[in-house]
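Work through the exercises below with the sequence and the 3D structure open. Each task is followed by a solution in steps.

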Amino acid sequence: MTGTLFSKADKDIEINKNNDCNDLQCEEFEETPLYAAVLTYLGYAILCLFGWLRDFLRQSNIEKKRGAVDPNASLGFVPLYQSYESFYTRNMYTRVRDIFNRPIASVPGAQFELTERMSDDYNWTYRYTGKTISAVNFGSYNYLGFAERTGQCATDAINGLKSYAVSSCGTRSEIGTQRYHIELEQLLANFLGVESSIVFGMGFATNALNLPAIASKGDLILSDEMNHVSLIIGMRISGASYQTFAHNDMNDLEAKLHAAIVHGHPRTNRPWKKIFIVVEGVYSMEGSICRLPQLIELKKKYKAYLYMDEAHSIGAMGKNGRGIVDYFNVDVNDVDILMGTFTKSFGSAGGYIAGRKSLIDHIRIHSHANTYASSMSAPIVQQIISSLRLLSSPEGEKRICQLADNTRYFRRKLVDMGFIVYGNKYSPVVPMLLYLPARVTRFNREMLRRGIAVVTVGFPATKLLEARVRFCLSAAHTRPMLDAALAAIDEVGTDIRLRYSSRHVHRRLKDL
Amino acid sequence: MTLNDHPTFLRHKLSYTYKNCHWKTMLSYIRRFFKFIHWLYLQYLLNTALYMLEPWERLLFSTLLFAILSTALYSALVFLPHHVRSMIQFYS
């Protein structure tokens with residue numbers, strides 16, 4: 001194809017550039033080793049066989065049915081729940097349910113308390129013993145360490161509560177907009193370097209309800225295959241057509257853009273009204289960063305709009321904490337729609353959209369989240385305002401540097417020990433692959449026994465083969481905490497043989 | 001994976017001295033051996049996903065596996081010599 005921005009020769013250079021780790025886009029996704037894939041499939045096959053056996057025993061009333069039973073099924077109604085998802089939930093998820101969804105009993109800072117729960121019937125029911133387990137927190141999205149009960153932000157939030165009480169008792173458009181909403185939006189727009197911004201009470205709803213406000217039937221949305229569910233639901237609600245392109249693959253995206261402009265709608269060949277490219281700043285399951293410079297080049301060449309979801313990267317990336325735009329040092333006006341959340345780096349809740357004033361004014365009128373959702377609560381907004389102010393001060397810079405330091409140290413040590421770690425070298429989300437379902441549960445339980453609470457994710461959230469543990473690093477983690485975690489990972493990783501990497505030498509922590 | 005590659009063995013090798021009396025070292029060797037057997041059993045449970053199953057399911061699966069493997073082994077031991085000999089006769 002003549003005239004493509006990234007010809008074949010450029011693609012080879014790009015591959016070499018990605019392996020040369022001095023670049024900002026240095027990412028590594030090692031292939032699954034064959035024996036791990038075989039053992040994973042074997043494990044799932046055995047679980048499936050026993051699942052069928054147990055389902056048969058339950059169906060023929062030899063064993064009692066423990067899960068939710070549809071009472072209308074016996075009366076001749078069509079079943080309310082789909083059967084395959086229930087199969088997985090009943091026979092594989094419930095067996096090891098104690099490693100997921102643990103309730104916590106304190107503020108989710110770097111060190112926190114988990115409630116202890118015991119099960120007598122293999123995780124169908126729990127009883128809470130009343131004790132709590134103290135553990136180091138590697139699961140919370142607390143990138144800058146703002147999840148704390150004391151300090152400037154907490155004091156400001158309490159003062160906000162005392163001044164304005166909890167609820168605003170209205171929507172933004174009907175006597176629900178307060179001074180602090182206007183202040184937050186102006187502060188956020190100055191922080192990001194854009195003309196204007198608008199905030200919402202829920203991050204998921206920001207995506208799901210605002211994509212319909214800007215995209216509609218007759219538009220095309222090109223989204224990355226690893227995009228979050230909120231973006232996909234927003235695309236579906238909007239009524240626009242959408243296609244996915246391979247994860248972070250700019251050649252695939254360019255081919256699809258080219259084809260979209262040349263061919264238009266699938267059957268009628270009418271031209272598309274608008275074309276959007278929807279990407280995320282940092283992908284939370286992969287740890288990879290979007291290729292922003294190439295995306296901006298593509299968007300300018302093909303006249304498409306770029307929507308970037310910076311849920312995990314705002315505050316955590318860039319030398320001033322301003323996200324991926326700051327990380328790559330590009331012009332912020334090149335990204336048309338910047339979206340982000342306050343849940344991860346600011347220790348609060350909610351989401352925002354930022355961009356040109358004309359865009360934000362349009363969203364203010366047309367977005368359902370603005371006209372029907374109640375406006376953000378006072379202490380939550382105060383927490384964000386004080387954390388934004390703090391980020392511009394020297395203490396904020398200290399937090400950003402601490403996070404970057406922790407990220408580089410932790411990732412370097414894990415990779416040097418021989419574990420497979422996905423994603424960009426500088427992203428604070430560290431997914432380490434475990435593959436086998438039994439090893440995943442053993443890892444989680446053994447780490448908790450050693451006082452480290454981690455989040456392991458398996459099949460529905462990730463692909464069937466690639467079950468992983470996702471470490472979320474924080475500026476609140478001190479070097480001794482990271483060392484304790486690394487020692488525990490080293491010990492457990494040796495015991496259950498988690499060193500899968502063939503590109504790096506397997507080493508013990510004491511040999512590094 | 002030999003006995004010498006096992007992680008606890010590597011660690012304890014460095015702490016071995018000649019000053020221990022014989023029955024104590026025998027005991028520590030036996031203890032290490034049982035730990036190694038337990039570790040092998042754990043590997044079996046993890047790699048076949050039996051770790052996630054209830055004890056009676058583990059017993060069922062292990063019994064079936066043992067039955068199949070022992071039948072295969074017995075048949076091999078009884079029939080292989082005769083088969084190999086007749087194959088050699090057929091092709092020579």
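**Exercise 1: a surface patch**

Task: Find which helix of chain A gives the most to the nonpolar patch, and with how many residues.

Solution. Step 1: In this predicted model, the helix that gives the most to the nonpolar patch is H7 of chain A (residues 229-238), with 3 residues.
Step 2: The patch as a whole is formed by A:Met202, A:Phe204, A:Val229, A:Ile233 and A:Ile237, which together have about 430 Å² of accessible area on the surface.
Step 3: Take A:Ile233, which has its place in helix H7 of chain A. Its relative accessible area is 32%. Partly exposed covers the range between under 20% (buried) and over 50% (exposed), so A:Ile233 is partly exposed.
Step 4: For the helix geometry, recall that an α-helix has 3.6 residues a turn, so residues three or four places apart point the same way.

**Exercise 2: two nonpolar cores**

Task: State which residues have the most contacts inside the largest nonpolar core, and where this core lies.

Solution. Step 1: The largest nonpolar core has 62 residues. Those with the most contacts inside it are A:Leu253, A:Leu257, A:Ile277, A:Val279, A:Leu292, A:Met308 and A:Ile324.
Step 2: Helix H13 of chain A (residues 378-391) supplies the largest share of this core, 7 residues.
Step 3: Residues come to the core from both domain 2 (28-34 + 104-145 + 395-511) and domain 4 (152-391) of chain A, so the core lies between these domains.
Step 4: Another core, of 60 residues, lies apart from it; A:Met92, A:Leu433, A:Tyr500 and B:Met52 are among its members.
Step 5: Now list the contacts of A:Ile324, leaving out residues up to four places away in sequence: A:Gly281, A:Val282, A:Ile289, A:Cys290, A:Leu292, A:Met308, A:Glu310, A:Ser313 and A:Met317.

**Exercise 3: helix H9 of chain A**

Task: Name the buried residues of helix H9 (residues 292-302), then give the sign of phi at A:Lys303.

Solution. Step 1: The buried residues in H9 are A:Leu292, A:Gln294, A:Leu295, A:Ile296, A:Leu298, A:Lys299 and A:Tyr302.
Step 2: A:Lys303 follows the helix and has a positive phi, near 60 degrees.

**Exercise 4: chain B and the domains of chain A**

Task: Describe the elements and surface of chain B, then say how many Å separate the centres of domain 1 and domain 4 of chain A.

Solution. Step 1: Chain B has 3 helices and 0 strands, in the order α-α-α from the N terminus.
Step 2: Of its 92 residues, 24% are buried. Its accessible surface is about 7500 Å², and carbon and sulfur atoms account for 72% of that.
Step 3: In chain A, domain 1 spans 1-27 and domain 4 spans 152-391. Taken over C-alpha atoms, their centres are 28 Å apart.

How values were computed. Residues numbered from 1 in each chain as written. Chains lettered and ligands numbered in written order. Predicted model: local features only at pLDDT ≥ 70, side-chain atom pairs only at ≥ 80, totals over all residues. Heavy atoms only, no water. Patch = residues over 30% accessible without salt bridge, like charges linked within 9 Å, V, L, I, M, F, W, Y side chains within 5 Å. Areas by Shrake-Rupley, 256 points an atom, 1.4 Å probe, with all protein chains shown as cover. Salt bridge = Lys/Arg side-chain N within 4 Å of Asp/Glu carboxyl O. Helix = DSSP H or I, 4+ residues; strand = E, 2+ residues; numbered from the N terminus. Buried < 20%, exposed > 50% of the residue type's maximum accessible area, 1.4 Å probe, protein only. Core = buried A, V, L, I, M, F, W, Y, C linked by side-chain atoms within 4.5 Å. Domains from an automatic or database assignment. Contact = heavy atoms within 4.5 Å.
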